[in-house]
Amino acid sequence: MENAFAPISEACVKALSDKTYDKRKVAALEIEKMVTDFKMKKNMTQIKRIIDVLSRDFVRSNDANKKKGGLIALAATSIALGKDTEKFIEDIVNPIMNCLIDNDNRVRFFASESLYNVVKVARGAVLPFFPSVFNALSRLVTDPDQTIKNGSEILDRLLKDIVIESSQTFDLDAFIPLVRERIMVKSSFARQFIISWISVLNAVPEINMVVFLPEILHGLFQILEDPLPEIQRMCESLLAQFLKIIKLDPSAADIPTMTNVLIVQAQSSNPLIQFYAITWIKEFVQLSGGEILCFASGIFTAILPCLAFESDAKKNIKDCANAVNLHLLELISSGEDKQKNLSYLDLNSVMEVLRQYLVHSPVPTKIAVLKWVHHLFTEVHDEMSEHANKLFPVLLRDCLSDSSDEVVLQAIVVLAEIVNSATVKGNDFDQTQYRQFLVELLNLFSENNTFLEKRGTLIIRQLCRLLNAEYIYRTFAEILLEERINLKIASTMVRTLNMILLTTSDLFDLRNMLHDIRNEKSASLFECLYKCWAHCPVSTLSLCLLAQCYQHVSEIVTLFADIEITVDFLVEIDKMVQLIESPIFASLRLALISHSNDNADAQHLSRALYGILMLLPQTEAFHLLNNRLKCVPNYWSQPNKISSKSTNESQCNIKFDELFTYFKYVQDLHHQKRVEKRKKNQF
């Protein structure tokens, strides 16, 4: 009967199936000798039969010992064939590959050893099977058996050498999908395996791995979160190599595709991933110039939250995000390339992101966003005008109510830019943009009286610095004149506006204008403010003192005898007396000893101040004013010498009688409200 394993002898078959390694080894050497002989005789048919027997009856057997023997014998066959292994490479490699996933540890070990010997002989001939070998290796490096893992490392080094030797013919297009599939694994050993392969190929001059980087960049960044520091360092080094290559030749890299990947990675909760992603974004911004503005909204989403990092551990991330932010600002405002750069900017998506970060964000983030909005209004006002309506509610309701003064001040800068740019071409005062803005602001104050008391002064002062103070005051006055329901808000607002007018250096020009009511424009402003200031008697008095209407001041003080003296009234009088001693009222103090206008103004002013003195309880303010009046000449002995035609009032066109009547009317309204409130509280 013919031997079923021919040309392998039965004795050899038996030895090859033995449980002891030494006997299997001897049998494998016998097969090696047989193959050598057939090779010399060029009897490839017999060699093919030997390989088929080893594959079918041994390597594919269910018997572990047969598998081991078959694996050793296939390796021996390859050694005997030498370069001719290429002719039988498929028949030899495929059976071995099947054993690499065997359940028996020793079978897997012998399979990896056998494959190593075959690859060592076949060299480049094994490359057509590279995907299969690579996948097998990626599993072996994570094998729980250390001996198998060690063996896989030796095979891995050999395969890398072969790929480097054959770099010009190596199929990268087939390799990258393998990497992309394996790079997202969580095993540290598998990650190390992938990084080492990418690094090796990236170091080969003939291979351009940067072209394929967009496909694997996400996976590389995920490897940065590996718990093993060694893996992290390997990945950091690889990323640094790639970035260096890109900086040398940016045109060779697909920066747009990678930017999208980086934007996602920059929002990672892992600080290391976040830092490297923003570092890459910073480099891309510098390399790409204006073209990177296509991704501005995404970049903002990535970097704006980072600007608020406070811990030392995240300081490098914050600094890098700041650098990106500054580079983007420069791209928008750069001279020659400005228009070209702006053509890449999708303003709608950018503004959508910026608006979102104006609400519920940390202070540094809000500040950065507000500066961006202001910058955009400055640089591309026409394009930004359509976004003003959407911005206004956020700026008014959220930013002005922020707990941070810095946010409030920066928000006012933006609001002022929006308002001012809309009115800059007009010469007339009737500016609807001013009015709309201030109406909204007053509504905000009305809804929250505490907000007015805490932030009103800060907001109005900043507005007066940035906008036309006269327009601001006139418009506020006109709006408040219409207030007939919430008189308390009106009086509180007037007190706030009056104190700012009398104490803020930025309103020096406005105060000077009110000093000379003989001027038609000044008189018009005075009348407008007076009717509004009538909501607060002491503020009205202060306004008249500022405008040097001393005869009218005297008449108002006389009327105070019929006005209900409240605690608020006394507090306001006290503040006014303090202000009389300030530099702002230096002209008032000098008027007390002036001989101009036949001493008319001096006498009216003196009587008014004595009237105020009589209203004051004997507090510090009383003694302060009393000491001042002791320095004034006694005008009481000359009552008949006052000429109404000599006063400041007589030299202007203001109808003070009508103003006085209106003042009494408004005070009656306030009195009625107080009476109604007291009656209501009784029930």
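**Exercise 1. Describe the secondary structure and the overall form of the protein.**

Solution. The protein contains 35 helices and zero strands. The model under study is a predicted one.

Step 1. Consider the extent of the chain. Along the principal axes, the C-alpha atoms occupy a box of roughly 155 × 60 × 40 Å.

Step 2. Compare the radius of gyration with that of a globule. The protein has a value of 45 Å, whereas a compact globule of 683 residues would have one near 26 Å.

Step 3. Turn to burial and contacts. Of the 683 residues, 53% are buried. Among contacts between residues at least 6 apart in sequence, 72% join residues at least 24 apart.

Step 4. Examine the surface and the charges. About 31300 Å² is exposed, and carbon and sulfur atoms supply 50% of this area. The protein carries 73 positive and 82 negative charges, and the mean positions of the two groups are 5 Å apart.

**Exercise 2. Determine how many disulfides the structure holds, and explain why Cys99 is not bonded to Cys12.**

Solution. Step 1. The count of disulfides is zero.

Step 2. Apply the cut-off: a disulfide requires two cysteine sulfur atoms within 2.5 Å. The cysteine sulfur closest to that of Cys99 belongs to Cys12 and is 18 Å away, so the distance is too great for a bond.

Step 3. Repeat the examination for Cys464. Cys464 takes part in no disulfide, and the nearest cysteine sulfur, in Cys532, lies 14 Å away.

Step 4. Establish the surroundings of both residues. Cys99 is buried, at a relative accessible area of 2%. Cys464 is likewise buried, with a value of 5%.

**Exercise 3. Identify what is unusual in the backbone at Pro7, Lys42 and Gln548.**

Solution. Step 1. Recall the general expectation. Most residues other than glycine have a negative phi, and most peptide bonds are trans.

Step 2. Inspect Pro7. The peptide bond that leads from Ala6 to Pro7 is cis, with omega near 10°. Pro7 belongs to the segment before helix 1 (10-16).

Step 3. Inspect Lys42. This residue is not a glycine, yet its phi is positive, near 60°. Lys42 sits in the loop between helix 2 (21-40) and helix 3 (44-59). With a relative accessible area of 69%, Lys42 is exposed.

Step 4. Inspect Gln548. Its phi is also positive, about 60°, although Gln548 is not a glycine. The loop that holds Gln548 runs between helix 29 (537-546) and helix 30 (550-559).

**Exercise 4. Explain why helix 11 is described as largely enclosed, and find what covers its buried residues.**

Solution. Step 1. Count the buried residues. Nine of the 11 residues of helix 11 are buried, and the helix is therefore largely enclosed by the rest of the structure.

Step 2. Name them. The buried residues are Leu213, Pro214, Ile216, Leu217, Gly219, Leu220, Phe221, Gln222 and Ile223.

Step 3. Find the cover. The elements over these residues include helix 9 (172-182), helix 10 (188-202), helix 12, helix 13 and helix 14.

Step 4. View the contact from helix 13 (residues 255-265). Its buried residues are Ile255, Met258, Thr259, Val261, Leu262, Ile263 and Gln265. These residues pack against helix 11 (213-223), helix 12 (229-248), helix 14 (271-288) and helix 15 (296-303).

**Exercise 5. Locate Asn135, Tyr610 and Arg49, and state for each whether the residue is buried, exposed or partly exposed.**

Solution. Step 1. Asn135 is part of helix 7 (residues 130-140). The cut-off for burial is under 20% relative accessible area. Asn135 has 17%, so Asn135 is buried. Leaving aside residues up to four places away in sequence, Asn135 touches Leu178 and Arg182.

Step 2. Tyr610 belongs to helix 33 (residues 600-615). With 26% relative accessibility, Tyr610 is partly exposed. The C-alpha atom of Tyr610 is 9.4 Å from that of Val557, and the two residues are 53 residues apart along the chain.

Step 3. Arg49 is located in helix 3. Its relative accessibility is 34%, which places Arg49 in the partly exposed class. Arg49 and Phe5 are 44 residues apart along the chain, and their C-alpha atoms are separated by 8.7 Å.

Methods
Residues numbered from 1 in each chain as written. Predicted model: local features only at pLDDT ≥ 70, side-chain atom pairs only at ≥ 80, totals over all residues. Heavy atoms only, no water. Helix = DSSP H or I, 4+ residues; strand = E, 2+ residues; numbered from the N terminus. Rg over C-alpha atoms; globule rule 2.2 N^0.38 Å. Buried < 20%, exposed > 50% of the residue type's maximum accessible area, 1.4 Å probe, protein only. Contact = heavy atoms within 4.5 Å. Areas by Shrake-Rupley, 256 points an atom, 1.4 Å probe, with all protein chains shown as cover. Lys, Arg positive; Asp, Glu negative; His and termini not counted. Charge placed at Lys NZ, Arg CZ, Asp CG, Glu CD.
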